[in-house]
Amino acid sequence: FALTRTALRLRLKGGIAGVQASVWRDHFVRGAVAARIVADTVAAREFAEAALTLQEQDISEDAAINILIAREALFASAMDGDVARVKKRSEALLSISSAPRQLYEAYESAIVCARMVGDLDLAWHWSIEAMRRLGVRLPKTAGLHHIVLSMVRWRIMIATTGLRLPKKIPD
């Protein structure tokens, strides 16, 4: 990865205007993934942003590359702490994900990035939306009847399974 990182950094220093977008876009997104894996957040962010810039010039016909670029751009915005871009890029990633596995990974990325920027409401929003797409019905907010029903179900489960709760909850 060190040689690739150096080559990509040199390309960034020289500028990406006028380069063959389809070639460099793919190199930058793969470099972003490799950098994020080794926790080189600066390189990951720079490479992801470069890949996204090049993607805007020449959109790939490869759906997997498009998803990869969208995901790495999402992580780059989370590394910057930009909540608005995290939301926008999460929506973009989800809009191009269609297969069940792609959607699962897209929602997971959206939730993780929302948590990275400290927006737990946004993380919860993506969680609820993901569960609904899987067919799980969850209310947006819990009312008294939801809480009571949950307690009744909990008590029935305890009574029917013989589950014993500890007298003291460990720290």
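Here are four short exercises with worked solutions on helix packing and buried residues in this predicted model.

**Exercise 1. Work out how helix α2 is oriented against helix α3, and which residues make the contact.**

*Solution.* Start with the two elements: α2 covers residues 21-37 and α3 covers residues 41-57. Next, take the geometry: their axes come within 8 Å and cross at roughly 155°. Angles over 145 degrees count as roughly antiparallel, so α2 is roughly antiparallel to α3. The crossing of this pair is left-handed.

Now look at the side of each helix that takes part. From α2, the contact uses A21, W24, R25, F28, V29, G31, A32, A35 and R36. From α3, it uses A43, A44, F47, A48, A50, A51, L54, Q55 and Q57. Sorted by class, these residues are 13 nonpolar, 3 polar and 2 charged.

**Exercise 2. Do the same for helix α1 and α2: find the angle and the axis distance.**

*Solution.* Helix α1 spans residues 2-14, and its axis lies 10 Å from that of α2, at an angle of about 125°. This angle makes α1 oblique to α2. The crossing of α1 and α2 is left-handed.

For the contact itself, α1 supplies L8, R11 and L12, while α2 supplies W24, H27, F28 and G31. The class count is 4 nonpolar, 2 polar and 1 charged.

**Exercise 3. Find which residues touch the most other members of the largest nonpolar core, and which element gives the most to this core.**

*Solution.* The core has 22 residues, and those touching the most other members are I16, F28, V29, F47, A51, L54 and I69. Then ask where the core comes from: α2, α3 and α4 (63-80) each give two or more residues. Among the elements, α3 gives the most, with 8 residues.

Zoom in on one member, A51. Leaving out residues up to four places away in sequence, A51 touches R25, F28, V29 and I69. Before moving on, note a second, separate core of 19 residues, which includes L93, L103, C113 and A130.

**Exercise 4. Decide whether D40 is buried or exposed, and list what it touches.**

*Solution.* First place the residue: D40 sits in the loop between α2 and α3. Then check its relative accessible area, which is 15%. Buried means under 20%, so D40 is buried. Finally, look for neighbours, not counting residues up to four places away in sequence: D40 touches R5, R9 and A35.

Key
Residues numbered from 1 in each chain as written. Predicted model: local features only at pLDDT ≥ 70, side-chain atom pairs only at ≥ 80, totals over all residues. Heavy atoms only, no water. Axes fitted to C-alpha atoms, helices over the stretch in contact; angles between N-to-C directions. Helix = DSSP H or I, 4+ residues; strand = E, 2+ residues; numbered from the N terminus. Parallel < 35°, antiparallel > 145°, perpendicular 65-115°, else oblique. Left-handed = near helix turned anticlockwise from the far one by under 90°. Contact = heavy atoms within 4.5 Å. Nonpolar A, V, L, I, M, F, W, Y, C, P; charged D, E, K, R; others polar. Core = buried A, V, L, I, M, F, W, Y, C linked by side-chain atoms within 4.5 Å. Buried < 20%, exposed > 50% of the residue type's maximum accessible area, 1.4 Å probe, protein only.
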